[in-house]
Each structure stands twice: as C-alpha cells, then as structure tokens.
Amino acid sequence: MRSAFVQLAVLVASASLATAQTWTACNPMEKTCPNDPALAGTYDHVYGGAAPDFTTTAGEDVIKYGGADGAIFRVEKKLDAPTIVSNFYIMWGHLDVTMKAAPGGGVVSSVVLQSDNLDEIDWEWVGSKPDEAQSNYFGKGNTDSYDRGAVHPITSQDDFHTYSFDWTQEKLDWIINGQVVRTLKPADVKGDYYPQTPMQVRMGSWAAGDPGNEEGTIQWSGGPINYKEGPYDMLVKEIKVIDYSTGTAYRFSDKTGSWESIEALGGGKIGAGPQSGSGNAGKLATSSAPTSESTSRPALTKTGVLIPTTNTATKTGVHPIAHLAIIAFGYWIR
C-alpha cells in the first residue's frame with residue numbers, strides 16, 4: 001500500500017511542479033483586480049547584482065550577488081525558499097534564463113511564468129535528478145488531469161544552459177539552448193486551459209524535502225534534505241524577457257480568463273511581435289509583487305471531487321508546498 005501511495009504522491013506532486021513560487025494576490029476570475037503593469041519592451045539583466053524591476057518575496061538572506069557565477073539562490077537551512085518576482089507582466093512573449101539548477105535531494109529549482117488567474121508555464125529541476133529538466137503548464141489553476149508534465153534530458157547541474165519559453169496565441173514552445181524540446185498548441189489542450197493571460201516571471205529554489213513537509217512532497221523531491229552536505233545553490237547568470245504586446249498595463253475586462261477579455265491599455269496585444277527597447281522597465285513600482293498571497297488552485301479529495309484550497313506564501317519563506325501530494329497523503333492514511 002505504501003508503494004502505491006508513493007507512486008500517487010509523486011505523480012500528483014509533479015503535476016504541481018512549481019508550487020513554491022506560485023500564488024495569486026487577486027484572482028480576476030473571482031473579483032475586480034488592479035491592472036497588471038506591462039513590460040512592453042525587452043528586459044535583459046546580466047547578474048552582477050540584484051535585477052531591477054524584480055522584488056524578492058522570500059529568502060532575501062540566502063540570495064547572493066556579485067560572484068563569477070551570477071546570482072546564487074541558496075538553500076542552506078530549513079524553510080529556505082529564495083524567490084524573486086518581476087514587477088512587470090507580459091502578454092505573449094519570450095523568456096530566456098541562463099542557469100545551473102541546484103543539486104541535492106529535496107531541493108527544487110524553478111522558473112515560472114504565471115498570471116493572476118493561475119495560468120502557468122513551468123521549468124522545474126529536482127535536485128536528486130541531475131540529468132533532466134521538467135516542463136509543465138496549467139490553465140486557470142485547473143488540475144482535472146495529471147498529463148501535462150514532460151521530462152527532458154539535460155545535465156542541469158554540471159553546466160550552464162539557457163532555458164526558454166516562447167509563448168504566443170498560436171503555440172507555446174519550451175526551448176533548451178535554442179532548440180525546441182516541446183510545443184503546445186491550444187488545440188492540444190482539453191478545455192479552455194491553454195495559458196493565455198498576462199504573466200509575471202517568478203524564479204527561485206526551495207526546500208521541498210524539509211522533514212516538516214508532507215511525505216508525498218519529500219518523496220517527489222528526493223528528500224529529506226541533508227543540510228550537512230549543503231549549501232545547495234541554483235546559479236543564474238542572465239535573464240532576458242521580451243513582451244510581445246505594447247501599452248502601459250493589461251486589464252481583465254471580465255471574469256472569463258480569456259485572452260480576448262484582456263485589454264492592453266495604450267497599446268495592442270495581438271500581432272505586435274517582440275518589442276525592442278526597455279519599454280516600461282525602470283518605471284514600475286515594487287508594489288506589483290506582493291509579499292503575502294494565497295493560491296486558489298483546486299485539490300483532489302478522496303472521492304476524486306475537486307475542492308478549493310488556500311495555501312499562503314509569506315516573505316519569511318513559509319511557502320505552499322506541493323499540496324496535491326498532501327491530499328494524496330491524506331487519501332492513503334484513511
């Protein structure tokens with residue numbers, strides 16, 4: 001029975017790959033929310049110091065800058081979850097991150113695009129699996145199925161690689177070192193769950209294998225973490241973000257969560273293509289990256305019925321863990 005539980009927990013945890021970096025402060029499918037500040041240009045930062053127009057939402061004490069390897073997102077003690085979030089959003093666009101994933105059983109690195117209504121595009125690296133990267137996506141926070149993830153061979157911890165998303169209305173590409181390794185089109189997705197609303201960039205690592213976490217999360221991450229062999233560092237040399245739309249902000253005009261409902265204030269969202277120049281970078285307030293939020297992604301009950309859950313994420317590093325694995329654990333012990 002326990003082995004069956006472990007298989008289930010690993011499956012559902014991997015369906016929520018980047019949970020430590022995912023949340024929403026205001027879901028526009030539920031209520032009226034503030035407009036999303038638009039990048040409307042090209043943002044490129046080579047790490048010698050902290051990236052402007054990004055806010056540290058957790059683990060400020062364990063993010064290091066100034067070394068030859070760029071930014072260090074370090075896991076060295078319980079609850080570490082160093083995370084940065086862009087103060088800008090893109091509406092269709094491109095992201096490049098040149099990085100090494102963190103080693104260590106129980107340590108998870110992630111690069112995520114996520115919208116206010118929980119559209120999500122993921123790159124994820126599990127420290128106990130040094131020869132792979134994992135890709136995933138969600139639409140509107142929906143977890144009705146667990147067939148979205150994919151695994152891609154790469155020496156993620158030994159060498160720097162550039163991991164990319166290229167995201168348009170027509171298709172979504174996951175790219176490694178300039179080579180497309182996976183493509184998703186709206187027609188490939190069951191229901192209206194193709195990621196399609198304005199996205200922030202979220203990046204960091206977290207201690208998924210902490211002994212205080214649920215067993216399913218620890219199993220998925222290859223934990224528990226042996227802190228005596230740490231610290232465990234995710235290294236980032238450069239980040240480049242290109243917005244494919246223009247304007248000053250993106251607004252949800254209704255509660256459908258459809259790209260058609262998004263208004264690009266003072267600009268356009270379709271057919272604009274890659275934007276040159278810095279756009280609105282350097283003009284954005286840090287208040288657009290909140291430090292305390294909650295998710296509204298549903299969780300799986302014993303009977304298979306989806307119910308809403310709430311998990312909080314705070315600046316102290318107490319992040320939501322892979323809550324689907326928690327539910328699986330509850331299923332097993334009943």
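Strand β8 is covered on both of its faces in this predicted model. On one side sit Val107, Ser109, Val111, Leu113 and Ser115, on the other Val108, Ser110, Val112 and Gln114, and every one of these residues is buried. Why is β8 largely enclosed by the rest of the structure? Here, buried means under 20% relative accessible area. Nine of the nine residues of β8 (residues 107-115) are buried, so the strand is largely enclosed by the rest of the structure.

Now for the partners of β8. The table lists the two pairings, each with a pair of residues that face each other.

| Partner of β8 | Sense | Bridges | Residues standing opposite |
|---|---|---|---|
| β15 (residues 199-207) | antiparallel | nine bridges | Val112 and Arg202 |
| β9 (residues 120-126) | antiparallel | seven bridges | Ser110 and Glu124 |

β8 and β9 also make a hairpin, with four residues between the strands. In that hairpin you'll find Leu118, which takes a positive phi near 70°.

Next, the nonpolar cores. In soluble globular proteins, nonpolar side chains tend to be buried together. The largest nonpolar core here has 58 residues. Which of them touch the most other members? That would be Val111, Met203 and Ile239. We've already met Val111 as one of the buried residues of β8. Strand β16 (residues 232-243) gives this core its largest share, six residues. Apart from that core lies another one, made of six residues, including Ala81, Val126, Trp206 and Trp220.

Let's take a look around Ile239. Setting aside neighbours within four places in sequence, Ile239 is in contact with Tyr43, Asp44, His45, Tyr47 and Phe54, among others. Its contacts also include Leu95, Asp96 and Val97, along with Val201 and Met203.

What about disulfides? The count comes to one. Cys26 and Cys33 form it, with their sulfur atoms 2.0 Å apart. The link is left-handed, with -85° about the S-S bond. Are these two cysteines buried or exposed? Both Cys26 and Cys33 are buried.

Finally, let's step back to the whole protein. It has three helices and 22 strands. Of its 334 residues, 57% count as buried. Take the contacts between residues at least 6 apart in sequence: 71% of those join residues at least 24 apart. As for the outside, the protein exposes about 12,800 Å², and carbon and sulfur atoms supply 52% of that area.

Technical notes. Residues are numbered from 1 along each chain as its sequence is written. This is a predicted model: local features need pLDDT of at least 70, side-chain atom pairs count only at pLDDT 80 or more; totals for chains, interfaces and linings use all residues. Side-chain values use heavy atoms; hydrogens and water are left out. A nonpolar core is a set of buried Ala, Val, Leu, Ile, Met, Phe, Trp, Tyr and Cys residues joined through side-chain atoms within 4.5 Å. Buried means under 20% relative accessible area, exposed over 50%, partly exposed in between (1.4 Å probe, protein chains only). Helices (H or I, at least four residues) and strands (E, at least two) are DSSP runs, numbered from the N terminus. Contact means heavy atoms within 4.5 Å. Two strands pair if DSSP finds at least two bridges between them. A disulfide is a pair of cysteine sulfur atoms within 2.5 Å. Accessible areas come from the Shrake-Rupley method with a 1.4 Å probe; for residues, only the protein chains shown count as cover.
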